[in-house]
Amino acid sequence: MQRVKFLTPLTSAALLLVLLLTLLRHYAIHKESPTTPSELSTSFYANTCPDFPKIARSVIRSEVANDSRSSASILKLHFRDCFAQGCDGSLLPQVGKEQGDGRSTKGLKIINNIKRAVETSCPETVSCADILALSARESVIALGGPSWTVEFGRRDNPSSTSVAAAVDAIPSPNLTATQLIESFQKRGLSKRDLVALSGGHSIGQAQCSTFSARLFNGTAGDSIDPALKSRLEKTCPPTAPNRLNNLDPSPTTFDNLYFRAVQANQSLLFSDQQLLQSDLAGFVKEFADNQKAFFIAFANAMIKIGKLSPLTGGHGEIRASC
Ligand code: HEM
């Protein structure tokens with residue numbers, strides 16, 4: 001006669017415990033992680049809007065050929081949208097109200113141009129958040145930077161980020177290394193990601209008001225090169241808060257010269273100069289010495305940024321205009 005073996009009560013309890021722990025761990029990972037990678041996919045529009053990537057690429061190429069800074073404005077918008085309250089396009093409606101040099105408004109106009117073209121091919125299908133994510137990659141490529149895989153399926157937030165929430169979430173250029181690390185770690189981004197992503201400042205410009213605290217009286221703990229400081233004091237008198245300065249020596253090429261400038265204490269923003277603090281400096285050296293390593297790290301970190309708390313599935317909407 002065949003003997004059926006039953007589990008002893010002790011083995012059953014142990015198995016139950018392992019199962020419970022596995023479930024708890026799974027829940028904790030998904031609850032703590034601000035990213036939801038599994039809900040986005042590269043083939044999301046394969047049937048519903050296959051021409052979307054082609055349309056976006058062609059608009060970005062012609063815009064960047066006319067004005068290379070367009071790339072920088074779009075990259076900045078994508079980063080800030082994702083940081084504010086997740087990649088849900090909620091920063092965009094607020095951009096029109098922004099004070100300053102109007103560059104974010106220019107970036108938004110380009111996103112809306114793509115939106116209009118995409119709506120003609122496939123109405124009410126592609127979200128502004130997805131257009132922004134893809135445009136950021138195309139913008140970086142257009143200036144010689146790396147490519148990365150963009151997944152789609154983000155939906156737009158029907159309400160816009162409040163000004164107060166955006167100010168609170170988007171890192172200020174006056175943050176110290178410790179504060180920058182904390183701000184990025186809260187979103188699941190490592191110190192290496194922080195340094196690589198700061199390399200986004202390899203392109204574009206900043207207004208005097210964003211670093212004027214470093215000039216004249218100076219900021220405690222700032223290692224700014226004295227020659228750069230006295231040059232900036234001349235170009236940035238208190239009467240010219242919106243005047244523009246290049247963020248790195250080659251603002252229309254995406255390259256690793258930004259990291260060499262950081263090493264030479266010649267970065268424009270206090271927050272960029274803070275990358276020489278503590279163990280961040282090792283990553284600055286790595287990327288200054290090796291552009292390929294920078295490109296790989298930047299691309300990987302942009303993939304993470306693009307997955308910050310998107311609205312997917314039945315949440316959110318497809319906005320008619322960005
Ligand atoms: C680490 C924290 C960061 C801080 C404190 C910061 C701060 C700033 C500031 C103050 C400006 C100048 C804005 C103006 O003049 O209106 C700026 C510009 C810019 N930022 Fe950042 N940023 C950070 C991270 C990033 C990241 C992660 C990216 C992209 C990956 C990025 C991309 C850009 C670009 C491309 C510009 C130039 C925009 C243009 O020329 O229109 N930034 N950033």
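How many residues surround the ligand, and which are the closest? Let's look at this predicted model one close-up at a time.

**View 1. The shell around the ligand.** The ligand is surrounded by 29 residues, and the closest are Arg-69, Ser-73, His-201, Gln-205 and Gln-207. Sorted by class, this shell holds 15 nonpolar, ten polar and four charged residues.

**View 2. Polar side chains at the ligand.** Start with Arg-69, where a polar side-chain atom lies 2.7 Å from an oxygen atom of the ligand. Ser-73 also places a polar side-chain atom by a ligand oxygen, here at 3.2 Å. Turn next to His-201: an N or O atom in the side chain of His-201 is 2.9 Å from a nitrogen atom of the ligand. Now step back to the elements that give two or more residues to the shell: they are α3 (69–85), α8 (177–185), α9 (191–198), β1 (205–207) and α14 (291–305). Of these, α3 gives the most, with seven residues.

**View 3. The iron atom and His-201.** Which protein residue is the donor to the iron atom of the ligand? The single donor from the protein is His-201, through its NE2 atom, 2.1 Å from the iron. To find His-201 along the chain, look in the loop between α9 and β1.

**View 4. Helix α3 meets helix α5.** Two packed helices are described by the angle between their axes and the distance between the axes. Here the axes of α3 and α5 (residues 103–121) come within 8 Å and cross at roughly 90 degrees. Because of that angle, α3 is roughly perpendicular to α5. On the α3 side, the contact involves Arg-69, Ser-70, Ser-73, Ile-74, Lys-76 and Leu-77. Their partners in α5 are Arg-103, Ser-104, Lys-106, Gly-107, Leu-108, Ile-110 and Ile-111. Grouped by class, this contact has five nonpolar, four polar and four charged residues. You have met Arg-69 and Ser-73 already, among the closest residues to the ligand.

**View 5. Helix α3 meets helix α14.** What is the angle at which the axes of α3 and α14 cross? They cross at roughly 50 degrees and come within 10 Å, so α3 is oblique to α14. Leu-75, His-78, Phe-79, Cys-82 and Phe-83 of α3 make the contact with Phe-298, Met-302 and Ile-305 of α14. By class, the contact has seven nonpolar residues, one polar residue and no charged residues.

Terms used: Residues are numbered from 1 along each chain as its sequence is written. This is a predicted model: local features need pLDDT of at least 70, side-chain atom pairs count only at pLDDT 80 or more; totals for chains, interfaces and linings use all residues. Side-chain values use heavy atoms; hydrogens and water are left out. A residue is near a molecule or strand if one of its heavy atoms lies within 4 Å of it. A polar contact is a pair of N or O atoms within 3.5 Å; within protein, one must be able to donate a hydrogen and the other to accept it, and residues adjacent in sequence count only if both atoms are side-chain atoms. Helices (H or I, at least four residues) and strands (E, at least two) are DSSP runs, numbered from the N terminus. Ala, Val, Leu, Ile, Met, Phe, Trp, Tyr, Cys and Pro count as nonpolar, Asp, Glu, Lys and Arg as charged, and the others, Gly among them, as polar. Donors are N, O and S atoms within 2.8 Å of the metal (3.2 Å for Na, K and Ca); water is not among the atoms, so sites may look incomplete. Axes are lines fitted to C-alpha atoms, for helices over the stretch in contact, and angles run from 0 to 180 degrees between N-to-C directions. Angles under 35 degrees count as roughly parallel, over 145 as roughly antiparallel, 65 to 115 as roughly perpendicular and the rest as oblique. Contact means heavy atoms within 4.5 Å.
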